[in-house]
Structure formats: structure tokens, C-alpha cells
Amino acid sequence: MERRYPMPMPFGWYAVAYSDELEIGDAIPVTYFGKDLVLFRTESGKSCLLDAYCPHLGAHLGYGIHENAGRGGRIQGESIVCPFHAWKFNGEGICTDIPYAKNMPPKVKGKKCLPSYPITETNQVIWAWYHPDECDPLWEVEQHEEANSTEWAPLQRYEWEIATHSQEMAENAADPAHFLYVHRTSSMPEWDIEYEEFRSRGVQKARMPTPRGEVDGAIINASVGPGQGFTKFVGIAETFLMGMTTPIDEDRVKCRFAFTQPKVDGEVVTGGVNGAIIKNIVGQLEEDKPIWENKIYRPLPVLCDGDGPIAKFRKWYSQFYVDWDSSQM
Ligand code: FES
Ligand SMILES: [Fe+2]
């Protein structure tokens, strides 16, 4: 079957789990970046991500046995223990011990023998840096007060697996016309988008209807690289949305939406306008999904004067590829 898009997986910081999904001593199998991986949290609380298959005889480190059956490999100190012959690996993928060897093989001793991924933990999320050439991170994950403060409600989370490419989803923000037909908005949203280095940012001024008449509001949309997006709704119901897209492989992404709203007098407010705004955005994603899952990428689209800055968006996005030239677009 023909691939529906030619782009490879872009590099960047990607959400691989929420922090509370990984307790101390946990190890879980995950698949991202076209690879089977193991995500674990050491006894000191550090989260680590390694390629899953043991360099010894290939056991998957994310599937434990005996008292760890149904869980991952056992954690001992700062290392994960392979369930097959108990070789130990730390978060850098260095073999730290082979309990039954008199001498560690020189190929392994003190050496990195499993690819590892840089990790940052903030905004209640575990972020991994993916780069096809294993380069060091080129920027940092942006921290958000809203997702790190007790003044804001616990994250309301939604997630989807979508058969598309991250770029195709991100292109939505440069495509105001689809709002009329896919999201059935009454008018075409107007916003200015700026692209600067690894970031893009759009501001849309909106008049929002309330029981006491219309108020001025704004929707601020931003991305930091291909994996970290966020939207702030300012005006009637202040809402902060983290939109996180992570490649599972070349044809599928995991998309996480996490919403939070400020507490009022220390209380979480649900329902009313607060609930409606979240419901509306989740509904929009579900409206986009069948388009994304069945469309192809048009490298040389025929555009009209009412379309958004598609070419500009694609040029900006192409910086996240190593082996793919956007002049093919
Ligand atoms: S396969 Fe992992 S220790 Fe042997
Ligand atoms: Fe959309």
C-alpha cells in the first residue's frame, strides 16, 4: 500500500506518559518513534527511557516475571534488571552489573549498550527527546505555570491513537477555512501566526457570547517543536490546553489533550461554560480525525486566496526533519 505522506518522523520533545502513570519502581513497555521501548522510574525517582530489547539475548525489559508478572522488569537502585538473566542497565543504557559473570565482557563494561533518550519531567508529563541521529536536545520543553500549580484544577485528559502524521495535524492551525466546514463555525477564524525558530504562535481575537452579552476574548495557540502545543482561552472561561502529539511510528501518532482551568475559591469548577469549552475542543479533534486518517499529503497543493499560510507553515515545520527536504512540498 502506498504511504499517504512522504515525511519521516520529526525530531523533538514528545510526551511519553503522564508523571503519575509511572511510580517509583515501575517499568512499562511503550512504543514510540517506531521502536519498542521501556519506560521506568528508578528508586531515586528519575524517569528513564531505553530501547526495550536487552543487548544480551534480546529479552524485552518491559515485561517482568514472577512477582513482577504483569509489570515490567524489576528496578534495583538506579537500574532496571533484565528478567531473562538479570543483567542491569541504568537510565543511560550502561550495563551496571552482570551478577553471574566473573568478568564483565569488555564490550559491555561501563559502556552504553542500549540507546537511551533524554528525559525532562514537567507540566505533569514525562517528555522524551527523539532525534533519528541521537543528537542532543536543541531546545527545552516549555514549562507552564497552569500545569504545575495547585491553583489550577487537576488535568482533564483525553487521548487518541490517530493514523496520521504529526505535521498533518499541526497544519490545522494554518488552515482557517476548514473550521467552517469541519467544525461548522459561523465564521472563518482570523489570526496572525508568527513562526520563530522552534516556536509558532497564533493569536485569535474572539467575541465570546455570555448570558450578559458578548465579551472580548482571545485564543492563543502555540507550538514548541512538533510535540508540544498549547492553547490558552482568555475571556469568559479561562482554559489552558496542552496538546501533545507523539509519533508511534511513521503512520500513527498518539495524541493527548490535557485541560485545566483555574480553581475558584480553591474549588474546581466543572459544568457550565467551563465544561462546554472542553467538550467543544474535544469534539473538534474528533471531527478532524476522519479527515486526517484518510487524506493524503499534497506536496504541491492548489491553494486559493482565502487559504491560510500553508506554505509558510510547511517551511517552518521542515526544520524538524533530518533527511527530508521541504522543497519537495
Ligand atoms: S537477555 Fe537480558 S540478561 Fe539475558
Ligand atoms: Fe480542526
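This is a short tour of a predicted model, one selection at a time.

**Stop 1: the two domains**

Start by colouring residues 12-130 as domain 1 and residues 150-328 as domain 2, the two parts into which the protein chain is divided. Put a marker at the C-alpha centre of each domain, and you'll find the two markers 33 Å apart. Now look at where the domains touch: domain 1 brings twelve residues to the contact, and domain 2 brings 14 residues.

Which elements give two or more residues to domain 1's side of that contact? Select β1 (12-18) and β2 (27-32), and you have them. The largest share on this side, five residues, belongs to β1. Try colouring the side of domain 1 that touches domain 2 by class: you should get seven nonpolar residues, five polar ones and no charged ones.

**Stop 2: strand β1 and its partner**

Keep β1 selected for a moment. Is this strand mostly covered or mostly open? Mostly covered, since six of its seven residues are buried. Next, add β11, which is residues 125-130. β1 and β11 run antiparallel to each other and pair over six bridges. For one spot to zoom in on, pick A17 and look across to I126 in β11, which stands opposite. While you're here, turn the view a little: in a regular strand, side chains alternate between the two faces of the sheet.

**Stop 3: the big nonpolar core**

Time to go inside. The largest nonpolar core is made of 57 residues, and V16 and V38 have the most contacts within it. Strand β11 turns up again here, giving six residues, the largest share of this core. Why does the core lie between the two domains? Because domain 1 (12-130) and domain 2 (150-328) both supply residues to it.

Click on V38 and show what surrounds it. Setting aside residues up to four places away in sequence, V38 touches A27, P29, L50, A52, L61, G62, G72, G73 and I80.

**Stop 4: N90**

Last stop: select N90, which sits in strand β7 (residues 88-90). Buried or exposed? N90 is buried, because 20 other C-beta atoms lie within 10 Å, and 20 or more is what it takes to count as buried. If you skip the neighbours within four places in sequence, N90's contacts are E78, S79 and T96. Finally, draw a distance line from N90 to R41: these two are 49 residues apart in sequence, yet 10 Å apart in space, C-alpha to C-alpha.

How values were computed. Residues are numbered from 1 along each chain as its sequence is written. Chains are lettered from A and ligands numbered from 1 in the order in which they are written. This is a predicted model: local features need pLDDT of at least 70, side-chain atom pairs count only at pLDDT 80 or more; totals for chains, interfaces and linings use all residues. A nonpolar core is a set of buried Ala, Val, Leu, Ile, Met, Phe, Trp, Tyr and Cys residues joined through C-beta atoms within 7 Å. A residue is buried if 20 or more other C-beta atoms lie within 10 Å of its own, exposed if 12 or fewer, and partly exposed in between; C-beta atoms are placed from the backbone. Helices (H or I, at least four residues) and strands (E, at least two) are DSSP runs, numbered from the N terminus. Domain bounds come from an automatic or database domain assignment. Two residues are in contact if their C-beta atoms, placed from the backbone, lie within 7 Å. Ala, Val, Leu, Ile, Met, Phe, Trp, Tyr, Cys and Pro count as nonpolar, Asp, Glu, Lys and Arg as charged, and the others, Gly among them, as polar. Two strands pair if DSSP finds at least two bridges between them.
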